[in-house]
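Work through the exercises below with the model open beside you, and try each task before reading its solution.

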Amino acid sequence: MFETIRDAVKTALTEMDYDVSELTDTTVLGPAGLDLESLAVAELAVRIEDDFGVKFADEELPGMADLTLDEFASLVVERMGTTSAAGPAA
Amino acid sequence: MNSTAPRAVVTGIGLVTPLGTDVAEFFEALCEPRSGLVRPPEGHVAHGLIDSAGIAPDLDAAALVPRHDRSVADRFTLMAVAAADAALADAGITIGQDVDPYRVAVVAATGAGGMITFERQARASGERGAPGVSSYLYSAFLPNMATARIALKHGIRGFSSTVTTACAASAHAIAEAFRLISAGDADVVVCGGTEATLGGLTGIAGFRNARALATGWEDDPTAASRPFDSRRNGFVLGEGGGMLVVERADFADARGAAGYADLVGWGSTTDAYHLIMPNPDGSGVAACLRSAIARAGLDLADIGYVNAHGTGTKIGDMAEAAAIQQVFGPDQPAVSSTKGVTGHLLGGSGAVEAAATVLALAGGTLPPTHNLDDPDPKCDLDHVRGGARTAPVRAALSTSSAFGGHNVALVFQPPSTRLARTAAGAAGGTDHAG
């Protein structure tokens, strides 16, 4: 599942016009790395919510910019285990 | 005009037009005249759809807006930021260093705003549903985002606004600058507007299907835009626009800046006749011109040049010619339209033509109307045609009219600043008053 989520994040970022060619598991999503700013983080979160049936609180979004790709994918896996008994929505 | 009110002077010009981004080259091309119109090349969205277009240069988003949202900045905002950057550089003003940020205003106009973005996002939503829509939709397409981006980039913290009166929008924005300066509400105003006319199929098709565009010129796209000519049959879409720096004349003097021309008055009326057709009797435009001249405290005889809206539509040119004839009577000023060279930049046209008017006044050279080979007898005016006319003038008008029935006229005079400049260069050293 981790791999699936990581690929879904990469696909979402590509569709959002970000260059993911040099993205690695340790790349930070926000200004320290890929440079997603607040609206981009919001969009990524909504896309992942739609794809995997998880929910993120608004208060969580600012902190997401500090996560690496690996950490973000792990967060989604963890969230799926606790919030979505029905499994992925897509 | 209230003689105690601060005078407003144009000290900076930035342009993005089918003729490029260089101001001196722009004015040279107008005066030759050399057309900026081409047949849309293969691969361009307008290819095969329209015969002729005024395509502005590609702009490097990386040099204009921050990295994180560069991919979503609509072309109309990139053009506005590029023009504002150039105008501020031309005026030699760094906001925060040369002027209090709260005393600087910005009014960047547009007709339609980010139509390219909206079209793209509407397609994405059609193909992929809600998940296809970017969170940046509003920060990309809203018409006020050019103003916002310019303010953000340059730290402008005074008045800001956006005018969206279609083809009169950027002339309205410049009129707003006059009001802000003369009321004492700003020391420096960055004003003008842009239109990304040629980026999306929907916008182009809307004009084409309304039969507003010139047709039958596939063999010579440079001949398609022919204001006031008997063979005119519509306007040619152009993209781009311009931004001016307008500031208090005493403020410009205090920092040793040279002025191109003073902005001394404005007029604005509404036809209230039809949503997109001008009133053919020209009464709305005539009232607008009279009001502008009166507000400037000038006589009719002072106006030596009118840079007409002159789009090349049958009825629009006739209405405007009727208005100029009515207002000036037997002593007609010289008249020309820049659209023969540039095409119609819609919301960007007022600012580009204000720049042309200012440059004509500053250099005493009046550009001709390109393609005006056989003036329509129904548009009997003192046309400048064939080549430029050397004629120092005491005052000049720039007129704009729009879908919606909006009319705007701007009045310029030679600069009251100590130092004057022309298109030929930042003359800086010329002592105008001396």
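**Exercise 1. Find which residues lie on each side of strand β13 of chain B, state whether they are buried or exposed, and then place the strand among its partners.**

Solution. On one side of β13(B) are A395(B), L397(B), T399(B) and S401(B), on the other are A396(B), S398(B) and S400(B), and all of them are buried, which leaves both faces of the strand covered. Keep in mind while checking this that the model is a predicted one. The division into two sets follows a general pattern, in that side chains in a regular strand alternate between the two faces of the sheet. Counted over the whole strand, seven of the seven residues of β13(B) are buried.

The next step is to look at the partners. With β8(B), the strand β13(B) pairs in the parallel sense over four bridges, and here Y305(B) stands opposite A396(B). With β14(B), the strand runs antiparallel, and six bridges join the two; in this pair T399(B) stands opposite A409(B). The hairpin formed by β13(B) and β14(B) has four residues between the strands, and G404(B) in this hairpin takes a positive phi near 105°.

**Exercise 2. Write down the order of the strands in the open sheet of chain B, and explain why one side of β3 and of β11 is left without a neighbour.**

Solution. Begin with the order, which for this open sheet of 11 strands is β3-β2-β4-β5-β1-β7-β14-β13-β8-β9-β11, with mixed pairing. The strands at the edges are β3 (160-161) and β11 (382-383) of chain B, and because each has a single partner strand, one side of each has no neighbour in the sheet.

Now take one pair from the sheet: β1 (residues 8-16) and β5 (residues 240-248) of chain B pair in the antiparallel sense over eight bridges, and G14(B) stands opposite M243(B) in β5(B). Then add a helix, namely α7 (residues 169-182) of chain B, which packs on the sheet and touches several strands, among them β1, β4 (188-195) and β5 of chain B, with its direction at about 175° to that of β4(B). Helix α10 (residues 283-295) of chain B also packs on the sheet, touching β7, β8 (303-307), β13 and β14 of chain B, and its direction makes about 145° with that of β7(B).

**Exercise 3. Decide which residues touch the most other members of the largest nonpolar core, and which helix gives the most to this core.**

Solution. The largest nonpolar core has 151 residues, and those that touch the most other members are L244(B) and L410(B). Helix α3 (residues 75-91) of chain B gives the most to this core, with 12 residues. To see the surroundings of L244(B), leave aside its neighbours within four places in sequence; its contacts then include V10(B), I13(B), A87(B), I174(B) and C191(B). A second, separate core has 20 residues, including L13(A), L29(A), L36(A) and A45(A).

**Exercise 4. Explain why helix α6 of chain B is largely enclosed by the rest of the structure.**

Solution. Helix α6 (residues 145-154) of chain B has 10 residues, and seven of them are buried, so the helix is largely enclosed by the rest of the structure. These buried residues are M145(B), A146(B), T147(B), R149(B), I150(B), A151(B) and H154(B). Among the elements that cover them are α3, β2, α5 (137-141), β3 and β4 of chain B. Just after α6(B) comes G155(B), which takes a positive phi of about 70°.

**Exercise 5. Two residues other than glycine, D35(A) and A272(B), have a positive phi; locate each and decide whether it is exposed or partly exposed.**

Solution. For D35(A), phi is near 70°, and the residue is found in the loop between α1 (2-15) and α2 (38-52) of chain A. A residue counts as exposed at 12 or fewer other C-beta atoms within 10 Å and as buried at 20 or more; D35(A) has 16, so it is partly exposed. For A272(B), phi is near 50°, and the place of this residue is in the loop between β7 and α10 of chain B. With 9 other C-beta atoms within 10 Å, A272(B) is exposed.

Conventions. Residues are numbered from 1 along each chain as its sequence is written. Chains are lettered from A and ligands numbered from 1 in the order in which they are written. This is a predicted model: local features need pLDDT of at least 70, side-chain atom pairs count only at pLDDT 80 or more; totals for chains, interfaces and linings use all residues. A nonpolar core is a set of buried Ala, Val, Leu, Ile, Met, Phe, Trp, Tyr and Cys residues joined through C-beta atoms within 7 Å. Two residues are in contact if their C-beta atoms, placed from the backbone, lie within 7 Å. Two strands pair if DSSP finds at least two bridges between them. Axes are lines fitted to C-alpha atoms, for helices over the stretch in contact, and angles run from 0 to 180 degrees between N-to-C directions.
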